[in-house]
Amino acid sequence: KTVLEAANDAGVRLVSQCTVGTCGTCVGRVTRGDVVMPEGRVYSIKQDEIESGERLLCQSHVFGDSEIDLDYPASMLDEYPVITTTAKVGVVTWIGDTAVELQLKLPKSVRFAFRAGQYVRMKVPGTDEWRSYSMATGERDRKKLTFIIRVLPTGAMSDYLRNVAAVGDTIEIE
């Protein structure tokens with residue numbers, strides 16, 4: 001298990017976002033022990049940061065007793081709690097050869113505080129895969145979330161958008 005997975009399983013909350021090593025949110029500094037990220041991958045932190053002890057906790061594995069310093073207060077975890085719900089697809093519009101506008105309608109009961117840079121994790125329908133996307137909508141429209149998504153030649157979300165996505169579909173989101 002990764003450090004983040006083990007922490008979640010133990011009920012210990014850590015700051016994280018993408019869970020795949022691309023955002024850099026879950027970075028910590030190893031002060032003692034053996035904490036390793038898989039080699040041969042591209043990460044959101046630089047090689048010199050890795051050499052100085054920084055690790056992405058969503059990708060790191062611990063081998064023996066270790067200590068990791070986290071550079072954020074615990075209160076940060078309570079400031080913006082994660083909301084998990086199911087949204088309905090309201091719009092799927094191709095806006096170019098490789099881009100789709102996807103609009104999700106939130107249930108009336110869902111309330112959240114919008115902040116710049118916020119993103120949504122979506123579970124790709126029909127898979128166990130999750131993808132993270134920044135919203136193209138802002139503070140004014142909290143019941144409809146719009147995303148402009150680049151459609152790649154292959155990929156779980158790209159294949160869903162290209163071949164399956166339809167108004168009325170449900171998508172699990174965080």
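Two residues are said to be in contact when heavy atoms of theirs lie within 4.5 Å. In this predicted model, Asp159, leaving aside its neighbours within four places in sequence, is in contact in that sense with Pro153, Thr154 and Val164.

Asp159 is found in helix 4, and the C-alpha atoms of Asp159 and Leu56, 103 residues apart along the chain, are separated by 29 Å. Glu54, for its part, has its place in strand 3, which comprises residues 54-56. Not counting residues up to four places away in sequence, Glu54 touches Val27, Gly28, Arg29, Ile45 and Glu49, and with one of these, Arg29, the side chain of Glu54 makes a polar contact to the side chain at 2.7 Å. The accessibility of the two acidic residues is set out below.

| Residue | Relative accessible area | Class |
|---|---|---|
| Asp159 | 31% | partly exposed |
| Glu54 | 16% | buried |

Because a residue counts as buried under 20% relative accessible area, Glu54 at 16% falls into that class, whereas Asp159 at 31% is partly exposed.

Helix 4, which spans residues 156-163, also takes part in the largest nonpolar core. That core has 23 residues, of which Leu104, Met122, Phe147, Tyr160, Leu161 and Ile173 touch the most other members. At least two residues of this core come from each of strand 6 (85-94), strand 7 (99-105), strand 8 (119-123), strand 10 (144-150), helix 4 and strand 11 (170-173). Apart from this core lies another, of 17 residues, among them Leu4, Val15, Val35 and Tyr43. In soluble globular proteins, nonpolar side chains tend to be buried together.

The surroundings of Leu104 show which parts of the chain meet at one core residue: leaving aside its neighbours within four places in sequence, Leu104 is in contact with Ala87, Lys88, Val89, Gly90, Met122, Lys143, Lys144, Leu145, Phe147, Ile171 and Ile173.

Helix 4 and strand 8 appear again at the second largest pocket, where these two elements and strand 9 (130-134) each supply at least two residues of the lining. About 330 Å³ of space lies in this pocket, and of the 18 residues that line it, Thr22, Trp130, Arg131, Ser132 and Tyr133 are the closest to its centre. Strand 9 gives the most to the lining, with four residues. By residue type, the lining of the second largest pocket divides into nine nonpolar, six polar and three charged residues.

Key:
Residues are numbered from 1 along each chain as its sequence is written. This is a predicted model: local features need pLDDT of at least 70, side-chain atom pairs count only at pLDDT 80 or more; totals for chains, interfaces and linings use all residues. Side-chain values use heavy atoms; hydrogens and water are left out. A nonpolar core is a set of buried Ala, Val, Leu, Ile, Met, Phe, Trp, Tyr and Cys residues joined through side-chain atoms within 4.5 Å. Buried means under 20% relative accessible area, exposed over 50%, partly exposed in between (1.4 Å probe, protein chains only). On a 1 Å grid over the protein atoms alone, a cavity is a set of points where a 1.4 Å probe fits but cannot get out, and a pocket is an open set with protein on both sides within 12 Å along at least five of seven lines; lining residues have an atom within 4 Å of a point. Grid points are joined across faces, edges and corners, and a volume is the space filled by probe spheres set on the points. Ala, Val, Leu, Ile, Met, Phe, Trp, Tyr, Cys and Pro count as nonpolar, Asp, Glu, Lys and Arg as charged, and the others, Gly among them, as polar. A polar contact is a pair of N or O atoms within 3.5 Å; within protein, one must be able to donate a hydrogen and the other to accept it, and residues adjacent in sequence count only if both atoms are side-chain atoms.
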